[in-house]
Amino acid sequence: MAEEPPPFQSSKLQDVLKIHLNQNDTLTRSYDVVPSVPPSPTPPTDPNSNPIHALSKDIPLNPTTNTSLRLFLPHPPPPPSVKLPVILYFHGGGFILFHASSIVFHDSCSAFASLFPAIVASVEYRLAPEDRLPAAYDDAVDAINWMRNQALDPTKSEPWIREHADFNNCFLMGCSAGGNITYFAGLRALDMDINPIKIKGLIMHTPYFSGVQRSESEIRLINDDLIPLHKNDIMWTLSLPKGSDRDHMYCNPMVSNMIYGDKIGQLPKCFINGNSGDPLVDKQKELVKILEGHGVHLVQHFVEDGFHAIELFDKAKAMIFCENVKKFVVETIAS
């Protein structure tokens, strides 16, 4: 058996994650590798500029928590008579890193909006440790309520939404930590009055889960290049409620199963995507078994090659992933 990784040490943060933990429990983050990009609310006028897949704009979500949404609309947009599914998207980053404006997630959402096609609303949720879980889940609920309010009062809705949204076909989608948020947002939505919108599906790409007991894939890939086990532990230490270990329900799907129980069976159709070279893959398959055990209609794609979030680095893998998700969206809408 592989050796346990070293315990959480704040002195290692800069080397592992390019972050520095301050005395007031805030992080100083370095985004040299994954910078943020501005939205593109209008098409480029320079004929020599790179074409864009989708228009994008930022709108406020909750001024009290300083959250926002980055909206994406296919370019060129369809006529108003053509209604598009709406996808609420939650980016990855271990709950502590990145933004809706981070270039890899901006480009991904732009591609989703263009390819499906769909309206994508990428949520700028609060990050830990400044705002530990369940803050990100609360922000997801705000985003669901925002979508509902758009449908309730078209006279006050965002023009892109008013002209193009099909509120009967809404989806929650996330990558890594965003996949985790998607799961818990879907569970919370079961207790909400979301009419007249309908959440037709949850799309969880390499969802982020763990536990105190190491899984076989965590041990096998203890020194993974992207998320080695000590890095994974640090992110959970910073994001879970203070005093919690990795057997908290937000982290361990088996614990969340004990708490939510049969309610899990009320979830809409789910899509889970994973890679065998991902240290988290065993926990993702554990979630699959939980969903299947509760009778959830599930589509799963697990491939024998690849690593965590490979689609952010490999265009061919990104296209395969997009096509699989598109098929899920189209078939879910048609069913």
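Let's begin with Asn66, which is exposed, with a relative accessible area of 68%. That value is over 50%, the cut-off for calling a residue exposed. The model you are looking at is predicted, so please read each description with that in mind.

**Unusual backbone spots**

Asn66 sits in the loop between β3 (54–62) and β4. Its phi angle is near 60°, a positive value in a residue other than glycine. Thr206 also has a positive phi, near 40°, and Thr206 is not a glycine either. You can find Thr206 in the loop between β8 (199–205) and α6 (216–220). Is Thr206 buried or exposed? With 0% relative accessibility, Thr206 counts as buried, because buried means under 20%.

Two peptide bonds leading into prolines are also worth a visit. The table shows them together with the loops that hold the prolines.

| Cis peptide bond | Omega | Place of the proline |
|---|---|---|
| His75 to Pro76 | near -5° | Pro76: loop between β4 (67–74) and β5 (84–90) |
| Phe116 to Pro117 | near -15° | Pro117: loop between α2 (103–115) and β6 (119–124) |

**Two helices that cross**

Now turn to helix α3 (residues 135–152) and helix α5 (residues 177–189). They pack at an angle of about 60°, and their axes are 9 Å apart. How are α3 and α5 placed relative to each other: parallel, antiparallel, perpendicular or oblique? They are oblique to each other, because their angle of about 60° falls outside the ranges set for the other classes: under 35 degrees, over 145, and 65 to 115. The crossing of these two helices is right-handed.

Which residues meet where α3 and α5 touch? From α3 come Ala136, Tyr137, Asp138, Ala140, Val141 and Ile144, while α5 brings Asn180, Ile181, Phe184, Ala185, Arg188 and Ala189. Sorted by class, this contact has nine nonpolar residues, one polar residue and two charged residues.

**Rings that pair up**

How many aromatic pairs does the structure hold? There are 16 of them. One is formed by Tyr183 and Phe209, whose ring centres are 6.0 Å apart with planes at 80°, so this pair is edge-to-face. Tyr183 belongs to helix α5 and Phe209 to the loop between β8 and α6, so the pair ties together parts that are 26 residues apart in sequence. Both of these residues are buried.

Another pair joins Phe184 and Tyr260; it is tilted, with 6.3 Å from centre to centre and 50° between the planes. This pair links distant parts of the chain, since Phe184 is in helix α5 and Tyr260 is in helix α8 (residues 253–260), 76 residues apart. Phe184 is buried, with a relative accessible area of 1%, and Phe184 is also one of the α5 residues that meet α3.

These pairs belong to a wider group: ring pairs link Tyr137, Tyr183, Phe184, Phe209, Tyr250 and Tyr260 into a cluster.

**A glycine in α5**

Our last stop is Gly186, which is also found in helix α5. Gly186 is buried, with a relative accessible area of 3%. Which residues does Gly186 touch, not counting those up to four places away in sequence? They are Leu172, Leu202 and Leu267. Gly186 and Ile264 are 78 residues apart in sequence, and their C-alpha atoms are 9.2 Å apart in space.

Key:
Residues are numbered from 1 along each chain as its sequence is written. This is a predicted model: local features need pLDDT of at least 70, side-chain atom pairs count only at pLDDT 80 or more; totals for chains, interfaces and linings use all residues. Side-chain values use heavy atoms; hydrogens and water are left out. Helices (H or I, at least four residues) and strands (E, at least two) are DSSP runs, numbered from the N terminus. Buried means under 20% relative accessible area, exposed over 50%, partly exposed in between (1.4 Å probe, protein chains only). Axes are lines fitted to C-alpha atoms, for helices over the stretch in contact, and angles run from 0 to 180 degrees between N-to-C directions. A crossing is left-handed if the near helix is turned anticlockwise from the far one by less than a right angle, and right-handed if clockwise. Contact means heavy atoms within 4.5 Å. Ala, Val, Leu, Ile, Met, Phe, Trp, Tyr, Cys and Pro count as nonpolar, Asp, Glu, Lys and Arg as charged, and the others, Gly among them, as polar. Rings of Phe, Tyr and Trp (its six-membered ring) pair if their centres lie within 6.5 Å; planes under 30 degrees apart count as stacked, over 60 as edge-to-face and the rest as tilted.
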